[in-house]
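Here are my notes on the ligand site and the empty spaces in this one. Have the structure open while you read.

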Amino acid sequence: MTKPISLSRYLVEEQRERGNIPAQLRLLLEVVARACKGISHAVNKGALGDVLGSAGSENVQGEVQKKLDIIANDVLIEANEWGGHLAAMASEEMDNIYVVPNRYPQGEYLLLFDPLDGSSNIDVNVSIGTIFSVLQKPEGSSAVSEQDFLQAGAKQVAAGYCVYGPQTMLVLTVGDGVVMFTLDREQGSFALTQQNVKVPEDTQEFSINMSNMRHWAPPVKRYVDECLQGQDGVRGKNFNMRWIASMVADVHRILMRGGIFMYPWDQREPNKQGKLRLMYEANPMSWLIEQAGGASTNGHQRILDIQPTQLHERVSVILGSKNEVERVTAYHAKV
Ligand code: P6P
């Protein structure tokens, strides 16, 4: 097998061939990748390091923060603030945006992240991950503000995640398809292991937290009921179900073999659009899925077209194999 190329070489050659990764964006992606290596190292310590358990604080979502949530957030802030490629950062773990301090030069990009998604899985050794999204600071805006972040997902210039599983893998798009890198711990760098990732348009695998069934809206209940009826029902085929309760792990599986992931609006908190956050979970994952030939809606519209009004706003998410997402979305249209 020929030696896989490194992330750095991939980014340089992409810029040379397609001109879609300017130097500052390449620096940003390499810094985020290096930060993810550091987070992977911390995650892998487990009980051998003082990294498990609760941090004794809550985030803006009102969720108890795990120690690793805080560690991962700090790693990303410290890795990115001095490079001159960013104007500001936003994180699930911070109420407000983090403006690059005056002691460092400000750049043209905005970085948003969920530093450690799937935290409830940390203490039980199940895959978790870092999700990130890159926007361009709007032209002409003087002092960077939260308003500058409120751009539709279609405006992203890069998006990706790092999944800390049996392998640590970095998955990335800059708008020219999806590529995957595997962390080579002997080299200490990410090696290109998959290009031109494609999500099959059909699937026999759905992913949803079934314990919420009684709270779902009718279109979601109809879709899942039909899957459960199997080959004797209207779908004429049997379905499998997976729910890892770690979006990064569920989305990675879908990128690798297809499937449909749903965290839909439900009646538990009717005033909330959903559980997942638009800016740093749904948008980056939706772009990756679309770049791999899949689809992603909130049941009514393409997620990447949603104009955000708040930094931490939530959204209903239905993403994955195109034909299945279109079916669920069509069921919503018939209500
Ligand atoms: P539930 C993790 O907390 C997360 O934000 C996603 O990664 C995951 O898909 C979802 O929440 C799991 O939610 O309600 O099944 O625990």
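The points below start at the ligand, go on to its pocket and end at the cavity.

1. First, a reminder: this is a predicted model, and every number here is computed from it.

2. Start with the ligand's surroundings. Its shell is made up of 13 residues, and the closest include Asp 117, Asn 209, Trp 243, Met 247 and Tyr 263. Sorted by class, that shell has six nonpolar, three polar and four charged residues.

3. Which side chains put an N or O atom 2.7 Å, 2.8 Å or 3.0 Å from a ligand oxygen? Tyr 263 does so at 2.7 Å, Asn 209 at 2.8 Å and Trp 243 at 3.0 Å. Each of these pairs falls within the 3.5 Å cut-off, so they count as polar contacts. As for cover, the ligand on its own has 400 Å² of accessible area, and the protein covers 83% of that.

4. Two strands are worth colouring in your viewer. E13 (260–263) and E14 (276–277) each put at least two residues into the ligand's shell. Tyr 263, one of the closest residues to the ligand, falls in the E13 range.

5. Now the pocket. The ligand takes up the space of the largest pocket, which holds about 440 Å³. Its lining runs to 26 residues, and those nearest the centre are Glu 63, Gly 118, Ser 119, Ser 120 and Lys 275.

6. What is the pocket wall built from? Strands E2 (64–66) and E5 (109–117), helix H6 (247–257), and E13 and E14 each supply at least two lining residues. By class, the lining splits into eight nonpolar, seven polar and eleven charged residues. Asp 117 and Met 247, both among the closest residues to the ligand, fall in the ranges of E5 and H6.

7. Rolling a probe the size of a water molecule over the atoms shows where empty space is left. How many cavities of 30 Å³ or more does the structure hold? The count is one, and the volume of the largest cavity is about 50 Å³.

8. The residues around that cavity are Tyr 10, Leu 11, Glu 14, Ile 21, Leu 172, Thr 173, Val 174, Asp 176, Gly 177 and Val 179. Helix H1 (7–18) and strand E8 (168–173) are the elements that give two or more residues to this lining. H1 gives the most, with three.

9. Last, the make-up of that cavity lining: six residues are nonpolar, two polar and two charged. Glu 14 and Asp 176 are both on the lining list, and they are the sort of residue that counts as charged.

Technical notes: Residues numbered from 1 in each chain as written. Predicted model: local features only at pLDDT ≥ 70, side-chain atom pairs only at ≥ 80, totals over all residues. Heavy atoms only, no water. Near = heavy atom within 4 Å. Polar contact = N/O pair within 3.5 Å; in protein donor to acceptor, adjacent residues only side chain to side chain. Areas by Shrake-Rupley, 256 points an atom, 1.4 Å probe, with all protein chains shown as cover. 1 Å grid on protein atoms, 1.4 Å probe; cavity = no way out; pocket = protein on both sides within 12 Å on 5 of 7 lines; lining within 4 Å. Sits in = over half its atoms within 2 Å of the grid points. Helix = DSSP H or I, 4+ residues; strand = E, 2+ residues; numbered from the N terminus. Points joined across faces, edges and corners; volume = space filled by probe spheres on them.
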